[in-house]
Amino acid sequence: MLAIGKYRGKETQKVYSRVNMATAERTNEQWVSELAEPGEAQEIALADLRAIIMRGLPYSLSKYLNPSDPQFESLSEEVAQDTLLRVLDSLQSFEGRSKFTTWVHKIAVRIALTELRRKRWRDVSLDELTEDSPGEGPRGILAAHEPGPDVVAEQSDMIEHLQRVISEELTDKQREALIATRIQGMPLDEVARRMDTNRNALYKLLHDARKRLKARLEEEGLSTEEVLAAFEVG
Amino acid sequence: MSQSEDVMRKLVEQIALTQERELDCGEVFAVLDQYTEAIMAGGDVQEQFALVIQHLELCPDCLEEYEALLTVLQTKH
């Protein structure tokens with residue numbers, strides 16, 4: 001743990017005035033210079049930054065976790081700690097194009113949501129998401145299409161055509177990634193970990209897959225507007 | 001609408017948004033603080049952040065992160 005509050009009781013008056021100064025807004029340059037070198041100024045800046053992160057988390061996580069949830073406190077502590085470490089590690093990369101605290105909140109949000117996603121999807125395997133299980137209805141996009149009574153022939157033909165295009169154009173990996181992320185809604189980080197890759201590389205894989213599908217439709221003289229129009233029918 | 005129709009429609013919508021050049025998640029993260037501040041300031045972001053906007057339309061994960069950051073910045077605390 002970072003030694004937050006280390007100076008309490010020691011040179012109280014001095015620290016008090018420093019803290020008061022600190023609660024006023026620091027400039028980006030002040031944040032960076034105070035955090036850059038170990039010492040008293042860094043300790044105080046870290047304590048203040050930690051408080052700023054902790055005040056932001058109930059808002060950034062509001063869609064995902066209620067502050068009254070028993071998980072909330074331990075998650076916040078963990079996120080604040082990891083964020084401070086990341087901030088110290090990557091201080092050099094801060095370019096000053098935003099407020100320093102915005103940059104820090106951005107890092108905290110990424111760490112917090114990554115952790116929440118990891119917890120939420122912990123017990124789900126990629127196989128169970130992406131395999132087509134006959135007899136359980138169409139789970140994957142390549143499962144046999146059984147149109148409902150309200151589905152007109154044009155739409156049904158289009159779906160079958162798209163299924164054929166997907167199976168002909170995409171690699172197994174692209175298809176697996178596409179189904180897990182875009183159809184089952186598994187977060188990129190979670191799919192990436194299960195595919196032994198990373199989020200950026202996975203995004204590129206998905207991008208390539210979309211480009212292939214787009215090119216194939218163009219080759220066939222089929223515009224996406226036309227395809228979407230087929231879905232509007234019925 | 002059954003699942004496969006809904007899924008296919010979404011996929012086609014994403015194909016329609018697909019560009020030859022797109023930013024990856026890391027490139028978006030690198031400027032997400034700037035972009036979110038620009039949104040807060042109410043300026044015109046279309047030109048400077050066109051590729052970021054396009055990525056956020058295609059990437060629900062980055063969109064979640066952007067929305068969470070925006071929520072923090074919108075709250076005075």
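Two residues are taken to be in contact when their C-beta atoms, placed from the backbone, lie within 7 Å. On that basis, in this predicted model, 36 residues of chain B are in contact with 41 residues of chain A.

Which helices of chain A each supply at least two residues of the side that touches chain B? The list runs to H3 (40-60), H5 (100-120), H7 (153-169), H8 (172-183), H10 (199-219) and H11 (224-232), all of chain A. H10(A) is the big contributor here: its ten residues make up the largest share of the side of chain A that touches chain B. As for the chemistry of that side of chain A, its residues sort into 18 nonpolar, twelve polar and eleven charged.

Now for the partner, chain B. Its secondary structure amounts to four helices and zero strands, and the order of elements from the N terminus on is α-α-α-α. Chain B is more spread out than a compact globule, because its radius of gyration is 15 Å, well over the 11 Å that the globule rule gives for 77 residues. Along the principal axes, the C-alpha atoms of chain B fill a box of roughly 45 × 30 × 20 Å.

Burial and contact range round off the picture of chain B. Of its 77 residues, 42% count as buried. Among the contacts within chain B that have a separation of 6 or more, 68% come from residues 24 or more positions apart.

Definitions and conventions:
Residues numbered from 1 in each chain as written. Chains lettered and ligands numbered in written order. Predicted model: local features only at pLDDT ≥ 70, side-chain atom pairs only at ≥ 80, totals over all residues. Rg over C-alpha atoms; globule rule 2.2 N^0.38 Å. Buried ≥ 20, exposed ≤ 12 C-beta atoms within 10 Å, placed from the backbone. Nonpolar A, V, L, I, M, F, W, Y, C, P; charged D, E, K, R; others polar.
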